[in-house]
Amino acid sequence: MIVIKLQGGLGNQMFQYAIAIILAFKNSETLLIENRFFENQKKSPGFTPRKFELNIFNNNYVKASKKDLSTFRSLSLFYKFKKKIGLNYPKVYNELDFGFQQDVLTLKAPVFLKGYFQSYKYFEGNEKLIKNVFSFRDLELDSKNKKIFNKLNKENSISIHIRRGDYVNDKITENYHGSCTLDYYLEAIKFIKAKYKNVTLVFFSDDCDWVKVQFKDLPYLKIFIDHNKDENSWKDMLLMSICKHNIIANSTFSWWAAWLNNNPRKTIIAPKKWYTNTELSISDLIPSQWIRI
């Protein structure tokens with residue numbers, strides 16, 4: 001079996017599930033999830049409560065039992081013997097460094113994965129599989145979002161994701177992640193406008209009132225999406241993914257929206273600065289064909 005510890009918001013959960021499904025596929029093994037992280041719903045400095053959100057996709061999720069997890073916590077005599085003589089045994093893999101780790105792809109079942117695994121390189125060559133796993137096709141949009149979907153699908157739409165929330169309201173989170181500057185978005189919009197004509201700017205944010213004030217004077221067609229809240233926030237990811245082009249935040253939520261965008265001629269703009277700590281390389285996170293500003 002392959003077990004994945006899920007944590008974080010939807011974008012993080014997608015990265016974690018993606019590497020797990022790749023290993024399950026390579027090993028021809030069952031994939032189990034461990035989701036106790038979501039039992040803690042108490043907000044604290046540096047911690048934002050999250051919910052299991054992968055059920056928006058058409059997958060069958062099986063939760064690891066206590067017995068399954070005990071296999072990794074306390075090795076039986078048989079597995080201890082296998083470990084001693086160098087044979088495969090149940091192991092816990094803790095991601096120690098940010099970025100792509102080649103050895104992850106060589107892991108053999110049974111293995112319990114713990115980490116974020118935020119790199120597109122884990123599923124290079126298996127893009128079709130991952131896009132199928134994260135397909136929205138069986139979900140019904142309400143009439144309001146369906147109308148927006150059809151409009152964005154027809155127009156030269158540019159999604160612009162502006163994440164604020166805990167990035168600006170929680171000091172610990174803010175000091176770690178930081179938030180994209182207004183100059184970043186204006187420069188990205190300028191780049192897009194020079195490349196494409198008759199664009200419609202589509203703003204997605206968890207603080208749309210702030211966004212409306214900051215961008216109200218831009219002389220372009222603008223749409224502000226502010227109605228998909230809480231359990232409906234996934235609909236923003238879907239709408240972003242069907243826009244022709246994307247300007248993303250330093251957020252895995254809009255990263256996945258851009259990656260799932262099937263426009264073969266799409267332009268994706270991402271921030272050069274993903275974390276406050278500029279020493280952290282994001283070369284394994286941002287595909288080379290994306291433009292960094």
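Here's a quick briefing on the two sheets, the nonpolar cores and a few individual residues in this structure. Keep in mind that the model is predicted. One sheet is open and has 4 strands in the order β2-β1-β4-β3, while another open sheet has 6 strands in the order β7-β6-β5-β8-β9-β10. The largest nonpolar core counts 68 residues, and a second, separate core has 19.

**The 4-stranded sheet**

- The strands of this open sheet run β2-β1-β4-β3, and the pairing is parallel. β2 and β3 (91-94) sit at the edges with a single partner strand each, so each has one side with no neighbour in the sheet. From one strand to the next, the twist averages 20°.
- Strand β1 (residues 2-5) runs parallel to β2 and is joined to it by 4 bridges. Two of the residue pairings to look for are Ile4 with its bridge partner Ile33 in β2, and Lys5 with Glu34 in β2.
- β1 also pairs with β4, again in the parallel sense, over 3 bridges. Here Ile4 turns up once more, with Leu113 as its bridge partner in β4, so if you're picking a spot to start browsing the sheet, Ile4 has partners in β2 and in β4.
- β3 and β4 make a parallel pair over 4 bridges, and Lys91 has Val111 as its bridge partner in β4.- Which side chains of β2 are covered on its two faces? Leu31 and Ile33 are on one side of strand β2 (residues 31-34), Leu32 and Glu34 are on the other, and all of them are buried. In general, side chains in a regular strand alternate between the two faces of the sheet.

**Helices on the 4-stranded sheet**

- β1, helix α1 (residues 10-27) and β2 form a β-α-β unit, and the unit is right-handed.
- α1 lies across β1, β2 and β4 (111-114), and runs at about 175° to β1.
- Helix α2 (residues 66-73) packs on the sheet too, touching β1, β2, β3 and β4, and its direction makes about 90° with that of β4.

**The 6-stranded sheet**

- This one is also open with parallel pairing, and its strand order is β7-β6-β5-β8-β9-β10. The edge strands are β7 (221-225) and β10 (291-292); each has a single partner strand, so one side of each goes without a neighbour in the sheet.
- Strand β5 (residues 156-162) and strand β6 (residues 199-205) are a parallel pair with 7 bridges. Ile162 stands opposite Ser205 in β6.
- Helix α10 (residues 234-241) lies across β5, β6, β7 and β8 (245-247), at about 160° to β6.

**Nonpolar cores**

- Within the largest core of 68 residues, the members that touch the most others are Leu113, Phe123, Phe134, Trp255 and Trp256. The top contributor to this core is α1, which gives 11 residues.
- What does Trp256 touch, once residues up to four places away in sequence are set aside? The list is Gly11, Met14, Phe15, Ala18, Phe123, Ile130, Phe134 and Met237.
- The second core, separate from that one, has 19 residues, including Ile158, Cys180, Phe215 and Ile269.

**Polar and charged residues to click on**

- Asn263 is in the loop between α11 (252-260) and β9 (268-270). Its relative accessibility is 16%, and buried means under 20%, so Asn263 counts as buried.
- A polar atom of the Asn263 side chain lies 3.1 Å from the backbone nitrogen of Arg265. Beyond its neighbours within four places in sequence, Asn263 is in contact with Lys244 and His245.
- Lys235 belongs to helix α10. Buried or exposed? Lys235 has a relative accessible area of 9%, which makes it buried. Not counting residues up to four places away in sequence, Lys235 touches Leu141, Asp142, Asn145 and Asn228.
- Glu231 is found in the loop between β7 and α10. With a relative accessible area of 62%, Glu231 is exposed.
- Glu231 and Glu53 are 178 residues apart in sequence, but their C-alpha atoms are 8.1 Å apart in space.

Methods: Residues are numbered from 1 along each chain as its sequence is written. This is a predicted model: local features need pLDDT of at least 70, side-chain atom pairs count only at pLDDT 80 or more; totals for chains, interfaces and linings use all residues. Side-chain values use heavy atoms; hydrogens and water are left out. Buried means under 20% relative accessible area, exposed over 50%, partly exposed in between (1.4 Å probe, protein chains only). Two strands pair if DSSP finds at least two bridges between them. A crossover is right-handed if, with the strands pointing away from the viewer, the path from the first strand over the helix to the second runs clockwise. Axes are lines fitted to C-alpha atoms, for helices over the stretch in contact, and angles run from 0 to 180 degrees between N-to-C directions. Contact means heavy atoms within 4.5 Å. A nonpolar core is a set of buried Ala, Val, Leu, Ile, Met, Phe, Trp, Tyr and Cys residues joined through side-chain atoms within 4.5 Å. A polar contact is a pair of N or O atoms within 3.5 Å; within protein, one must be able to donate a hydrogen and the other to accept it, and residues adjacent in sequence count only if both atoms are side-chain atoms.
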